[in-house]
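Thanks for coming, everyone. I'll put the structure up and walk you through the parts I found worth stopping at. Here we go.

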Amino acid sequence: MNLSVNLPGLNLKNPVMPASGCFAFGKEFAQFYDLSKLGAVIMKAATKEQRFGNGTPRVAETASGMLNAIGLQNPGVESIISDEIPFLKNHHLPIIANVAGSTVEEYVEVAERISSYVDAIELNISCPNVKEGGVQFGTDPALAKEVIRHVVDVSVVPVYVKLSPNVTDIVEMALAAEEAGASGLSMINTLTGMRIDPKTRRPVIANGTGGLSGAAIKPISIRMIHQVYQAVTIPIIGMGGIETAEDVLEYLLAGASAVAIGSANFKNPFICKEVIEELPRTLSRYGFSSVEQAIGGAHDEEVETSLLRS
């Protein structure tokens, strides 16, 4: 069974990787299994300076998912380059840096600094632009294009843009990213959600709202990837509620070329390894001899139908 996938800047032995923010920088999980088994690793977000994140509580359970408002806590790009990346390089797997910021200038500075140490960049455009009154880069096509173009210009590796689902038209944002020079897409980021404690009558999370992830968002992510796959020519790394090898196959059929597992790592630290080991049997059971053969498979019938009608 051929599990390999070749994407811009990324030669993956298999399509499974941990999602940013749910695997830290890998050191904790390396105690459980050999990280070289992973297709790649997406590091925790990097910003220019160290960030301590939001106040606590900043994580809460929900039905079939979780809310988080960590606030991009990280040690800063220089510490990541000196202390975290060397550890991951010892495991001989592709490294993707998640780049975040509050201004175009911060995005550019972080991307320029870190790109020569990694294999690709995942550009987190779900951050609020402080110069535009807090409007998220990822909800405005013009703002998204601006930051993507600048980051692509300074990066020496391919840039994958992480799309926010909190938009009216996900296809519009995907096309904006492609037009701005993105080599691929990463989708979807978390949905904005809230829980309220009946006793205190206040939000459960100190920040008020948080990002909803986990199995609850999988149908939304599948739908968005299915839509975007039909509109763009660049590859997609899919994520959102993946817990089994069948989930991975569903993402591949929708149009993802690779996947990232997020919240499930908190329930089961072996989840990535287990899904990778199960994937060959799952693909074979559904008649596929490789990962590449499954990508976009849910669109085959649509193509055949349109040919019959023409």
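Let's start at Ser64, which sits in the loop between strand 5 and strand 6, with strand 6 covering residues 65-68. Ser64 isn't a glycine, and yet its phi is positive, at about 60°. Most residues other than glycine have a negative phi, and most peptide bonds are trans. Keep both halves of that in mind for the next few minutes.

Before I go on, a word about what we're looking at: this is a predicted model. The average pLDDT for the chain is 93, and 94% of the residues score at least 70. The stretch I'd leave out of the discussion is residues 303-310, where pLDDT stays under 50. The model also gives that stretch zero contacts beyond four places in sequence.

Back to backbone oddities. His92 is another non-glycine residue with a positive phi, at about 55°. You'll find His92 in the loop that runs from helix 1, residues 77-89, to strand 7, residues 95-99. Is His92 buried or exposed? His92 has a relative accessible area of 66%, and the cut-off for exposed is over 50%, so His92 counts as exposed.

Now the peptide bonds. Thr56 and Pro57 are joined by a cis peptide bond, with omega at about -5°. Pro57 is in the loop between strand 4, residues 41-42, and strand 5, residues 59-62. There's also a cis bond between Met187 and Ile188, where omega is about 10°. Ile188 belongs to the loop between strand 12, residues 184-187, and strand 13, residues 191-193.

While we're on Ile188, here's a distance to help you get around. Its C-alpha is 27 Å from that of Asp34, and the two residues are 154 apart along the chain. Asp34 is in the loop between strand 3, residues 16-18, and strand 4. Asp34 has a relative accessibility of 39%, which makes it partly exposed.

Next, Pro8, in the loop between strand 1, residues 5-7, and strand 2, residues 10-12. Pro8 is partly exposed too, at 30% relative accessibility. What does Pro8 touch, not counting residues up to four places away in sequence? The list is Pro158, Tyr160, Ser183 and Pro235. And the C-alpha atoms of Pro8 and Ala120 are separated by 8.2 Å, with those positions 112 residues apart along the chain.

On to the helices. Let's take helix 2, residues 104-114, against helix 3: their axes come within 9 Å and cross at roughly 25°. Angles under 35 degrees count as roughly parallel, so that's what we call helix 2 and helix 3. The crossing of this pair is right-handed. On the helix 2 side, the contact uses Val104, Tyr107, Val108, Ala111 and Glu112. Helix 3 brings Glu146, Val147, His150, Val151 and Val154. By class, that contact has seven nonpolar residues, one polar and two charged.

Helix 3, residues 141-154, also packs against helix 4, residues 170-179. Here the angle is about 30° and the axes are 9 Å apart. Because of that angle, helix 3 and helix 4 are roughly parallel as well. Their crossing is right-handed. From helix 3 we have Pro141, Ala144, Lys145, Ile148 and Arg149, and they meet Glu172, Met173, Ala176, Ala177 and Glu179 in helix 4. The tally for helix 3 with helix 4 is six nonpolar, no polar and four charged residues.

Last pair: helix 6, residues 245-254, and helix 8, residues 271-285. The axes come within 8 Å and the crossing angle is roughly 60°. So how do we describe helix 6 relative to helix 8? With that angle, helix 6 is oblique to helix 8. Helix 6 passes helix 8 in a right-handed crossing. Helix 6 puts in Ala245, Glu246, Val248, Leu249 and Leu252. Across from them, helix 8 has Val275, Glu278, Leu279, Thr282, Leu283 and Arg285. That contact divides into seven nonpolar residues, one polar and three charged.

If you open the model later, try the two cis bonds, Thr56 to Pro57 and Met187 to Ile188, and then the helix 3 contacts with helix 2 and helix 4. That's my tour, and I'm happy to go back to any of it.

Methods: Residues are numbered from 1 along each chain as its sequence is written. This is a predicted model: local features need pLDDT of at least 70, side-chain atom pairs count only at pLDDT 80 or more; totals for chains, interfaces and linings use all residues. Side-chain values use heavy atoms; hydrogens and water are left out. pLDDT is the predictor's confidence in each residue, from 0 to 100. Contact means heavy atoms within 4.5 Å. Helices (H or I, at least four residues) and strands (E, at least two) are DSSP runs, numbered from the N terminus. Buried means under 20% relative accessible area, exposed over 50%, partly exposed in between (1.4 Å probe, protein chains only). Axes are lines fitted to C-alpha atoms, for helices over the stretch in contact, and angles run from 0 to 180 degrees between N-to-C directions. Angles under 35 degrees count as roughly parallel, over 145 as roughly antiparallel, 65 to 115 as roughly perpendicular and the rest as oblique. A crossing is left-handed if the near helix is turned anticlockwise from the far one by less than a right angle, and right-handed if clockwise. Ala, Val, Leu, Ile, Met, Phe, Trp, Tyr, Cys and Pro count as nonpolar, Asp, Glu, Lys and Arg as charged, and the others, Gly among them, as polar.
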